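Welcome, and please open your viewer with the chain shown as a cartoon. We will go from stop to stop, with a selection to make at each one.

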Amino acid sequence: MRHDDLLAFTAAVFADRGLAPDRAREAARALCHGDLAGMRSHGLANLTRLYLPLFDDGRVDPNARPRTLRDRGAALLMDADRALGLWAAGAAMDTAIERAAVYGIGVVAVRGATHLGCAGHHALRAVDQGMVGLVASNCGGQRIARPPGGAVAMLGTNPLSVAAPAGAHPPFLLDMSTTAAPTGRVRQAAREGSVLPEGLLCDDAGAPVTDPAAFDAGRAHLMWLGGEAGQYKGFGLGLMVEVLAALVPGAGMGPSTDALSGDGGPSGRDDDIGFLVAAVDPGALRDGAAADAEGLFGALLACPAVDPSAPVRYPGWHEHERTRECLRSGVPLDADLYEELVGVATRAGLAVPEPLEER
């Protein structure tokens with residue numbers, strides 16, 4: 001499907017739920033980024049599974065009025081007032097960019113938010129202004145992953161993203177959960193009937209689980225980045241995100257005594273999500289940073305490959321190239337997802353975009 005058509009449709013769906021047109025458009029851009037860049041588990045598959053239920057349950061306020069609680073010039077504390085995170089995270093990054101243009105760095109800590117989608121989409125906004133962008137988000141009060149050696153889920157997947165300009169090369173973009181996989185990837189695999197590689201899920205005894213359906217069935221839980229040998233690295237990164245995204249702004253936190261009274265499995269809800277966004281302007285600190293960035297990433301691309309058919313690439317390169325291709329030839333959607341969108345359109349009285357092959 002044409003990206004512009006998909007974007008217009010998604011914006012219309014959000015506007016139908018009460019979002020102002022400008023917010024609806026930005027929220028649609030954030031959501032469609034997943035399909036555009038190849039992260040389908042964080043794209044339109046979540047429209048009916050995650051975002052529309054937030055409206056249905058009253059957990060997001062389409063007329064939210066985020067407010068600044070503290071302003072220290074280069075750093076701000078904001079309450080999102082239950083605004084849709086798909087829009088609010090981008091707005092926070094725009095504020096961080098404005099402050100970075102003045103101070104060299106801008107930091108916005110946010111509480112009272114909802115799910116923001118692909119963290120990388122928001123980090124890339126800084127790259128558009130020649131800056132480095134950082135986004136860290138916790139999962140509010142939702143607990144999914146267990147501490148190493150623990151028998152109770154205490155933390156969310158706690159995504160982290162850093163984006164940076166690379167001169168004439170595709171931007172650097174690291175966009176990751178601090179668990180070995182995000183829940184969206186696991187559930188996408190379950191919908192497709194796929195088998196997961198070992199190292200993403202394990203059972204209570206620590207044995208690997210490759211059936212993605214076992215996660216929601218309560219027979220498996222997420223592992224941390226680094227696998228069994230390096231799990232404290234992923235766990236440490238997850239805690240780092242919790243500190244930056246929840247402790248700093250005062251948002252809902254995963255680790256809580258509330259978790260100790262459950263059965264050890266996932267608990268809590270992803271309400272009162274916190275995130276921290278930052279923009280850094282290297283050019284405010286020294287001359288030549290932009291040229292050095294092009295040299296840095298150019299040198300990586302020039303690295304000889306062990307297999308010439310698999311050249312060296314860095315995080316963000318493949319996503320950039322896929323985005324260019326999708327903008328040129330259309331965004332691929334699974335037939336089942338397209339039928340879901342048809343259902344959404346029918347219920348809202350909207351026209352669903354036509355697949356390119358039917359034009």
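Before the first stop, one cut-off: a residue is called buried when its relative accessible area is under 20%, exposed when over 50%, and partly exposed in between. Keep in mind as well that this is a predicted model.

**Stop 1: a pair of acids around one arginine**

Select Arg59. At 15% relative accessibility, Arg59 falls under the 20% cut-off and so counts as buried. Now add Asp270, which is buried too. The two form a salt bridge, with their closest N and O atoms 2.6 Å apart. Follow the chain between them: Asp270 sits in the loop between α8 (227–247) and β10 (273–280), while Arg59 is in the loop between α3 and β1 (67–71), 211 residues apart.

Next, add Asp271. Arg59 forms a salt bridge with Asp271 as well, the closest N and O atoms being 2.8 Å apart. Because these two residues lie in separate loops, one between α3 and β1 and the other between α8 and β10, the pair ties together parts 212 residues apart in sequence. Is Asp271 buried or exposed? With a relative accessible area of 26%, Asp271 is partly exposed.

**Stop 2: more salt bridges**

Select Asp292 and Arg286, whose side chains meet in a salt bridge at 3.0 Å, N to O. Asp292 is partly exposed, at 43%, and Arg286 is partly exposed, also at 43%. Then select Glu26, Arg29, Asp94 and Arg125, which are joined into one network by salt bridges that share partners. The count for the model comes to 20 salt bridges.

**Stop 3: helix α1**

Select residues 3–16. At 1.5 Å a residue, the 14 residues of this helix should span 20 Å, and the 20 Å between its end C-alpha atoms agrees. Color its buried residues, among them Leu6, Leu7, Phe9, Val13 and Phe14. Which helices do the buried residues pack against? They pack against α2 (21–37), α3 (47–56), α4 (85–103), α10 (317–329) and α11 (335–348). After the helix comes Gly18, with a positive phi near 105°.

**Stop 4: the pockets**

Select Ser41, His42, Pro182, Thr183 and Gly184, which lie nearest the centre of the largest pocket among its 42 lining residues. This pocket holds about 990 Å³ of space. Helix α6 gives the most to its lining, with 8 residues.

Finally, select His33, Leu36, His121, Leu124 and Thr323 to find the centre of the second largest pocket, which has a volume of about 420 Å³. Its lining has 10 nonpolar, 6 polar and 5 charged residues.

Technical notes
Residues are numbered from 1 along each chain as its sequence is written. This is a predicted model: local features need pLDDT of at least 70, side-chain atom pairs count only at pLDDT 80 or more; totals for chains, interfaces and linings use all residues. Side-chain values use heavy atoms; hydrogens and water are left out. Helices (H or I, at least four residues) and strands (E, at least two) are DSSP runs, numbered from the N terminus. The expected span of a helix is 1.5 Å times one less than its number of residues. Buried means under 20% relative accessible area, exposed over 50%, partly exposed in between (1.4 Å probe, protein chains only). Contact means heavy atoms within 4.5 Å. On a 1 Å grid over the protein atoms alone, a cavity is a set of points where a 1.4 Å probe fits but cannot get out, and a pocket is an open set with protein on both sides within 12 Å along at least five of seven lines; lining residues have an atom within 4 Å of a point. Grid points are joined across faces, edges and corners, and a volume is the space filled by probe spheres set on the points. Ala, Val, Leu, Ile, Met, Phe, Trp, Tyr, Cys and Pro count as nonpolar, Asp, Glu, Lys and Arg as charged, and the others, Gly among them, as polar. A salt bridge is a side-chain nitrogen of Lys or Arg within 4 Å of a carboxyl oxygen of Asp or Glu.
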